[in-house]
Amino acid sequence: MSSPILITGGAGFIGSNFVLEWIGNKRGPLVNLDKLTYAGNPLTLSTIENDPDYTFVHGDICDADLLQGLFQKYRFSAVLHFAAESHVDRSIAGPDAFLTTNIRGTFELLQAARKHYDSLTGAKRDNFRFLHVSTDEVFGTLSPDDPAFHEETPYAPNSPYAASKAASDHLVRAWHHTYKLPTLMTNCSNNYGPYQFPEKLIPLMIANALAGKSLPVYGDGMQVRDWLYVGDHCSAIRTVLAKGKLGETYNIGGCNQRTNMEVVHTLCNLLDELVPDSPHRPHRNLIKHVTDRPGHDRRYAIDARKIERELGWKPAESFETGFRKTVEWYLNNPAWVEGVTSGAYQHWIEENYGHRTGQTVSA
Ligand code: NAD
Ligand code: DAU
């Protein structure tokens with residue numbers, strides 16, 4: 001039997017989409033190491049929990065002894081590092097966990113992978129890969145007319161989250177340069193799709209709109225994000241894993257720049273159509289502009305020409321097709337949303353939104 005790949009953070013949003021596709025399409029054995037923070041939900045993976053190719057390990061990437069034991073036991077053929085604290089607003093409210101998991105955790109994982117790599121010989125050594133999943137937020141913010149972020153754009157992180165991811169990227173780069181660890185890195189734009197925790201813009205707005213709660217748009221809502229369907233991000237990661245050049249980074253994006261107001265209006269129109277008997281129609285009457293996020297980045301945009309040119313990857317979904325699929329998934333899976341929005345979630349909503357003043361905007 002071939003050695004498994006190691007996924008960190010496979011119970012989170014992007015990781016679980018990756019794991020479900022990988023196991024569903026019988027791509028090989030996989031070990032998922034996840035701490036199950038508030039963002040990790042084992043329910044998401046219940047359909048594959050008995051699959052012989054799937055192993056779940058409940059643990060922390062900061063735990064060096066655990067990592068060493070896992071590498072010795074499974075002799076991984078590759079590491080795909082998704083685990084992170086990922087929400088910008090939480091990083092502003094409490095940066096500690098971001099520095100611990102995103103920086104210390106990445107360091108411990110690199111050390112364990114390096115020790116393992118040094119023990120490999122022949123084809124196993126030639127084929128080993130460490131793929132670090134990162135973000136476009138490391139590049140900072142763009143003005144309306146600036147060209148999109150490319151792989152050589154200088155790092156200029158603005159939030160504690162972005163700074164911690166930038167630090168982890170630098171560690172990965174240094175471990176390749178200094179220790180010759182065969183690394184690959186991806187910097188991706190905003191993802192949306194099934195199983196995204198409803199603290200992020202799109203699932204939060206869907207959950208609030210269905211409940212008839214206000215839709216809290218930060219500031220003027222003219223901030224721009226470049227949206228990518230999560231399945232396309234996963235296919236890009238598989239492409240980089242299979243064909244990426246060692247030590248290189250690849251920017252991944254959907255070429256779908258939208259202002260937050262455009263996203264929220266599109267959502268409201270879609271919900272008006274898909275839930276015609278809702279007492280909250282027209283949903284856009286729920287929009288409320290609230291106090292802005294401190295240090296809010298104005299615009300992100302990704303130049304994804306390198307991964308298309310060199311590896312032949314392109315997204316399959318347009319914003320329109322991916323967005324409709326996503327809204328339909330949330331409408332068809334209320335039990336999943338209820339499962340993740342009890343207890344601690346309510347506390348977060350109070351902490352993040354309780355102090356924001358704002359006004360409702362009628363359409
Ligand atoms: P998420 O917050 O939904 O999931 C993170 C997962 O990591 C959770 O399952 C959590 O339990 C786990 N985790 C957290 N700390 C851990 C630790 N110390 N040890 C082990 N597991 C731990 O995140 P996501 O949105 O799926 O993002 C995954 C990765 O992709 C992150 O590295 C993020 O920076 C990056 N990324 C995200 C986006 C996006 O739009 N969501 C875009 C680009 C890049
Ligand atoms: O760009 C990639 C990044 O995208 C990832 O690295 C992060 O992990 C991911 O969280 C995401 O970061 P953003 O800060 O862009 O995503 P978020 O969904 O939190 O916010 C998207 C935009 O919507 C942003 O401009 C802030 C705004 N927003 C967000 C929330 C939660 C609101 O206006 N109201 C809200 O309630």
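Biologist: What makes up the shell around ligand 2, by class?
Modeller: In this model, which is predicted, the shell around ligand 2 divides by class into 10 nonpolar, 8 polar and 6 charged residues. The residues that surround ligand 2 number 24, and the closest are Thr 135, Asp 136, Tyr 161, Arg 293 and Tyr 353.

Biologist: Why is the pairing of ligand 2 with the side chain of Tyr 161 called a polar contact?
Modeller: An oxygen atom of ligand 2 is 2.6 Å from an N or O atom in the side chain of Tyr 161, and because a polar contact is a pair of N or O atoms within 3.5 Å, this pair qualifies. A backbone N or O atom of Pro 216 lies 2.8 Å from a nitrogen atom of ligand 2, and a backbone N or O atom of Tyr 218 lies 2.8 Å from an oxygen atom of ligand 2, so these two pairs meet the cut-off of 3.5 Å as well.

Biologist: How much of ligand 2 does the protein bury?
Modeller: Ligand 2 taken alone exposes 690 Å², of which the protein buries 95%. Helix H7 (201-211) and strand E8 (215-218) are the elements that give two or more residues to its shell, and E8 provides the largest share, 3 residues.

Biologist: How do you know that ligand 1 has a polar contact with Leu 36?
Modeller: The distance from an oxygen atom of ligand 1 to a polar backbone atom of Leu 36 is 3.4 Å, which is within the limit of 3.5 Å, and therefore the pair counts. A nitrogen atom of ligand 1 is 3.1 Å from a polar backbone atom of Lys 35, while an oxygen atom of ligand 1 is 2.7 Å from an N or O atom in the side chain of Lys 165. Ligand 1 exposes 840 Å² when taken alone, and the protein buries 97% of that.

Biologist: Which residues are closest to ligand 1?
Modeller: Of the 28 residues that surround ligand 1, the closest are Ile 14, Asp 34, Ser 86, Tyr 161 and Lys 165. By class, this shell holds 12 nonpolar, 12 polar and 4 charged residues.

Biologist: Why can Phe 323 be called buried?
Modeller: Phe 323 belongs to the largest nonpolar core, which has 69 residues, and because a nonpolar core is a set of buried residues, Phe 323 must have under 20% relative accessible area. Phe 18, Leu 80, Ile 307 and Phe 323 touch the most other members of this core. A second, separate core has 25 residues, among them Leu 33, Ala 83, Leu 110 and Met 185.

How values were computed: Residues numbered from 1 in each chain as written. Chains lettered and ligands numbered in written order. Predicted model: local features only at pLDDT ≥ 70, side-chain atom pairs only at ≥ 80, totals over all residues. Heavy atoms only, no water. Core = buried A, V, L, I, M, F, W, Y, C linked by side-chain atoms within 4.5 Å. Buried < 20%, exposed > 50% of the residue type's maximum accessible area, 1.4 Å probe, protein only. Near = heavy atom within 4 Å. Polar contact = N/O pair within 3.5 Å; in protein donor to acceptor, adjacent residues only side chain to side chain. Areas by Shrake-Rupley, 256 points an atom, 1.4 Å probe, with all protein chains shown as cover. Nonpolar A, V, L, I, M, F, W, Y, C, P; charged D, E, K, R; others polar. Helix = DSSP H or I, 4+ residues; strand = E, 2+ residues; numbered from the N terminus.
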